[in-house]
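Hello,

Please find the structure below. My notes on it come after.

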Number of protein chains: 2
Amino acid sequence: MKFIRNCFLAVAAVAMLATPAMAAKTVKWKLAMTWPSTLTPLASPPLQVAKLVKEMSGGSFVIKVEGKEKHKAPLGILDMVKGGQYQMGHSGSYYWKGKDISTIFFTTIPFGMTTAEQYAWFYYDDGMKYMQQVYDRFKVLNFPGGNTGVQMGGWFKKEINSLDDLKGLKMRIPGLAGEVFAKLGVNVTNIPAGELYTSLDRGTIDALEWVGPGMDIKMGFYKVAPYYYTGWHEPASEMQFLINKRAFAKLSAEHKAILITAMKAASADMYYENFAASANAWEQMKTEFPDIKVKTFPLPVLKAMKKATDDLLNSYAAKDPQFKEILESQKAFMKKARQWTIISDYNYIKTTMELDQ
Amino acid sequence: MKFIRNCFLAVAAVAMLATPAMAAKTVKWKLAMTWPSTLTPLASPPLQVAKLVKEMSGGSFVIKVEGKEKHKAPLGILDMVKGGQYQMGHSGSYYWKGKDISTIFFTTIPFGMTTAEQYAWFYYDDGMKYMQQVYDRFKVLNFPGGNTGVQMGGWFKKEINSLDDLKGLKMRIPGLAGEVFAKLGVNVTNIPAGELYTSLDRGTIDALEWVGPGMDIKMGFYKVAPYYYTGWHEPASEMQFLINKRAFAKLSAEHKAILITAMKAASADMYYENFAASANAWEQMKTEFPDIKVKTFPLPVLKAMKKATDDLLNSYAAKDPQFKEILESQKAFMKKARQWTIISDYNYIKTTMELDQ
């Protein structure tokens, strides 16, 4: 009997040794995103993270991605991740400005930083610190989730020649930019993506803002609103990955590292994907849709937008010390970073344009 | 005895089941880089890859990074990876232009693409395809390894007011830009990083090109050559990861995915790191070293540089069909991408500059 017991113990001991890597249950997570599953490049980062995490973990960590067609709550992502129905989410931080106005800093702000400037602030200045601070009260972790670059200023049925042309205009535009337009007399509304074209066609709205040529052209807005304005309000819109804190704490050290690295690689990649899509769509637009009129808002209009933006930011800062602190951090870093952007990328493009003349 | 044998088999069976993940030997690789171990941000991507790979693999894949102070062969990286002394390398593709002129396309070319444009070409156009094609003859795999953004045009002892000021000038500048300067009458040399300051101080050279403010200021060049020119010749210098093909083939699927994802995340991160370093150094320069004179080459000089660049590229293309094909791919993509850069980032910065006036 002693021998049988010893044999049993020997088998058990070897089995136990094998446990950490072998018998460990597959970790199965679910991710809810604001976008329909097919809406690339916005849907690309979560889809790519799921693929990379599975490959890197040898199938021991699997993330099921669900688009809004499944969960029907595109603007419920933060709540669902906080509540634990989903371990992860993919969305835009500024959608939660009603819960905490400081969330806007992790997407983009009007007249704010460019993509390179903002990533430098996130990773080599105070951005990530403030990001975790703001999301701590929701018991979720927040990570950069892919960038669109400069977004276009939107599609308008009529040309905007002065501030008067904005008064009474009905426009779909979300975020702080919506508040800026409201200050300038625009009737601002939000309309789900699926109804945008119809609303514009039927005159429910006179103008709308979406993303950029890579995503806009296929929506067909140009058919009813041919004035396409350059951007000022979302110079570097960053998506977000949300993670339930308790779920993250339960991951092994390897799975944590795998998830964080996958998010970083997939976020960088979305910027490349959207840049290529925009370049291709812009070329297509110039040849196939020459009636689209590309415009920049007149300087007096932009000045009024800038003043309205500053007034709004200052009024939030006066009420909220955390908002004030993050605003000052962004302003200080942007002051330095913008000088470098001007002397490097801006000056380089300017030089090549002069040579082409 | 039968029972003992059964017991032994049971233990052996459990042990065998555990084998793939448990008893698998740790994979140990060595990486040689062109830079000294302390030369961040150039040395950052390989150091970060080593850290991430170890964490993600739970220590089952370990990469030892060796700087040039150890292997003493900064320009022998490709040969050492090809020969298998090192499984991996980190360097700059254009250092191998003597072996194959097409390697320059995977670093940067004068008057070429910006960082965003080039990454879009790599990942969402034909860049990666051509990269593997060119490196196939060396039996190595090549991956993007981090970007510096626009590099500055270099430090000069005297102001450059005309093409005549370039004639007879002694300058340290590598790559195709060196060939361009040579065509304009400059005596071009290459000098190791450690001797740059002394060479400039003693008059062995009259000018030199290094990277950008983030790396240049601490070298002290401004003390002897106060004219600091903006960039035209390296608008988006990409570093490279080299991997021995046979070594890569032996990796497990998990380790392959881990390595590729780590390289992509670390490459993106170097761009952010160098951007932040440049922004901070530029600010420091303006306040602490106001005697530095920031200049852009006069338009006639830039025109001559552009013509010399085009002549060189065309002459290589006439001799080498692969070079011609890649040049045409870059040109076609850049034509589309540049239009988008101008309407998005360039126009945005221009708008904000007008508002600041």
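The notes cover conventions, the contact between the chains, their symmetry and one pair of strands.

This is a predicted model, in which local features need pLDDT of at least 70 and side-chain atom pairs count only at pLDDT 80 or more, while totals for chains, interfaces and linings use all residues. Residues are numbered from 1 along each chain as its sequence is written, and chains are lettered from A and ligands numbered from 1 in the order in which they are written.

Between the chains, 69 residues of chain A are in contact with 69 residues of chain B (C-beta atoms, placed from the backbone, within 7 Å). On the chain A side, H11(A) (253–288) gives the most, with 19 residues; helices are DSSP runs (H or I, at least four residues) and strands likewise (E, at least two), numbered from the N terminus.

On symmetry, a turn of 180 degrees and a shift of 0.0 Å along the axis lay chain A on chain B with an RMSD of 0.0 Å (least squares on the C-alpha atoms of residues with pLDDT of at least 70 in both). The two copies are therefore related as by a two-fold rotation axis. A:Ala265 is the residue of chain A that comes closest to this axis, at 2.2 Å (C-alpha). Both copies use the same surface, as 100% of the contact residues of chain A recur in chain B.

Within chain A, strands E1 (27–33) and E2 (61–66) pair in the parallel sense over six bridges (pairing takes at least two DSSP bridges). A:Leu31 stands opposite A:Val65 in E2(A).

Regards

Note on methods:
Two residues are in contact if their C-beta atoms, placed from the backbone, lie within 7 Å. A residue is buried if 20 or more other C-beta atoms lie within 10 Å of its own, exposed if 12 or fewer, and partly exposed in between; C-beta atoms are placed from the backbone.
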